[in-house]
Amino acid sequence: MRSPDQDQNTAESPQRKIIHVDMDAFYASVEQRDNPDLRGKPVAVGGSKERGVVAAASYEARKFGVRSAMPSVTAKRQCPDLIFVKPRFEVYKEISRHIRMIFAEHTEIIEPLSLDEAYLDVTENIQGIPIATEIATMIRAKILSETGLTASAGISYNKFLAKLASDQRKPNGQFVITPKMGPEFVQDLPVGKFHGIGPATSAKMNGLGIFTGLDMRNQTLEFMTANFGKAGTYYYWISRGIDERPVRANRIRKSVGAENTFSQDLADHEALAAELEPLIEKVWRHCETTGARGRTATLKVKFSDFELITRSRSVPVIDSASDLSSLALELLKQLMPPKKAIRLLGISVSGFNDPEPEDEDQLPLMLD
């Protein structure tokens with residue numbers, strides 16, 4: 001990942017200044033802003049029915065352990081006074097566009113991660129402000145004055161640490177991790193807190209005796225790559241506070257998908273095919289809007305016992321909604337009759353013409 005020449009070039013180039021801006025409980029905060037009756041109360045954006053899922057939770061709800069992606073029945077059990085609100089994604093998208101216009105007053109190098117967070121490279125910025133913390137303060141103040149919403153920010157010399165830093169003073173705060181602080185900050189961090197390390201990888205690391213950043217730093221590069229593949233190289237360097245990934249202004253998604261959990265388990269082919277139709281329409285609408293054309297369709301299936309499987313098929317190009325529908329229905333047909341009833345279906349398109357795909361865009365579609 002690095003070489004002596006790269007280290008020398010890094011020393012000769014200006015220290016990067018990266019800001020990670022993260023809106024505070026974004027969807028829930030918008031609902032509380034627009035409905036005064038919800039302010040100060042535990043709010044969950046999402047479906048309230050048995051198969052519903054929490055898309056976002058207010059800080060009042062988070063005190064009870066309510067989190068995004070949590071089943072609604074679990075959230076209600078943990079917080080009996082929880083108020084469910086249907087999501088208004090068009091409203092959230094419009095506010096997100098407004099916030100990005102504020103970012104653009106300072107830098108053209110903006111990498112959105114989702115509607116409510118983004119990286120900004122302000123090493124060289126439009127207003128010529130030399131101190132990144134001042135830029136972060138200005139951005140947060142303008143977001144508050146123009147939208148009535150609060151944002152938190154992390155400032156550091158790389159993306160990994162900037163994202164970690166934004167969690168330190170939530171809500172409505174900011175935190176800086178300097179080059180001097182970086183390695184020490186990471187060494188005390190549990191591996192489960194590393195962005196990019198999920199529960200399965202964290203458990204695997206724990207099984208290998210790796211519990212903290214310092215434990216990870218004590219491993220050789222060969223050991224990390226042998227156990228974690230290409231990702232092992234990334235883990236090896238971030239445990240040292242090193243992350244050379246640039247902020248990518250023209251980041252292209254790796255895949256676009258939509259999924260839905262049914263109000264009751266289904267096993268009938270016609271019923272399942274009917275549930276796929278709006279998902280296909282939603283994914284294709286996104287492809288049409290962005291002009292993206294992929295090669296691979298993937299069907300996601302979650303059974304009644306929560307077993308999850310995927311089935312994929314690739315073609316030279318998926319060039320129409322009809323193409324996507326044919327592939328999706330063919331993949332579904334191969335599973336018929338299902339071995340168990342099905343509680344969730346999803347469809348995604350991937351294999352876009354991008355040499356370095358970055359991420360997955362999961363389009364929101366949920367039951368109320």
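Helices here are DSSP runs of H or I with at least four residues, and strands are runs of E with at least two, both numbered from the N terminus. Counted that way, the chain in this predicted model comes out with 14 helices and 13 strands.

Some overall figures set the scene. The chain is 368 residues long, and 44% of those residues count as buried. Its exposed surface adds up to about 18,200 Å², with carbon and sulfur atoms supplying 52% of that area. Sequence distance also tells a story: take the contacts between residues at least 6 apart in sequence, and 64% of them join residues at least 24 apart.

One sheet makes a handy starting point. It is an open sheet of 3 strands, arranged in the order β3-β2-β4, and its pairing is mixed. The edges are formed by β3 (54–57) and β4 (83–85), each of which pairs on one side only. Going from one strand to its neighbour in this sheet, the average turn is 30°, with direction ignored. As a general point, strands in a sheet pair through backbone hydrogen bonds, and they can do so in a parallel or an antiparallel way. Strand β2, covering residues 43–46, goes for the antiparallel option with β3, and 3 bridges link the two. Within that pairing, Val-45 has Ala-56 of β3 as its bridge partner. A helix joins the picture too: α2 (residues 26–34) lies across β2, β3 and β4, and runs at about 110° to β2.

Further along the chain sits helix α7, made up of residues 159–166 and mostly covered, with 8 of its 8 residues buried. The buried residues of α7 include Phe-160, Leu-161 and Leu-164, along with two lysines, Lys-159 and Lys-163. At the N-terminal end of α7, Asn-158 acts as the cap: one of its side-chain oxygens lies 3.3 Å from the backbone nitrogen of Phe-160.

The last stop is Leu-331, which belongs to helix α14 (residues 321–333). Is Leu-331 buried or exposed? It has a relative accessible area of 3%, so Leu-331 is buried, given that the cut-off for buried is under 20%. Leaving aside residues up to four places away in sequence, Leu-331 touches Ala-297, Leu-299, Arg-311, Ser-312 and Arg-313. For one of these, Leu-299, the separation from Leu-331 is 32 residues in sequence, while in space the two are 6.6 Å apart, C-alpha to C-alpha.

Conventions. Residues are numbered from 1 along each chain as its sequence is written. This is a predicted model: local features need pLDDT of at least 70, side-chain atom pairs count only at pLDDT 80 or more; totals for chains, interfaces and linings use all residues. Side-chain values use heavy atoms; hydrogens and water are left out. Buried means under 20% relative accessible area, exposed over 50%, partly exposed in between (1.4 Å probe, protein chains only). Contact means heavy atoms within 4.5 Å. Accessible areas come from the Shrake-Rupley method with a 1.4 Å probe; for residues, only the protein chains shown count as cover. Two strands pair if DSSP finds at least two bridges between them. Axes are lines fitted to C-alpha atoms, for helices over the stretch in contact, and angles run from 0 to 180 degrees between N-to-C directions. A polar contact is a pair of N or O atoms within 3.5 Å; within protein, one must be able to donate a hydrogen and the other to accept it, and residues adjacent in sequence count only if both atoms are side-chain atoms.
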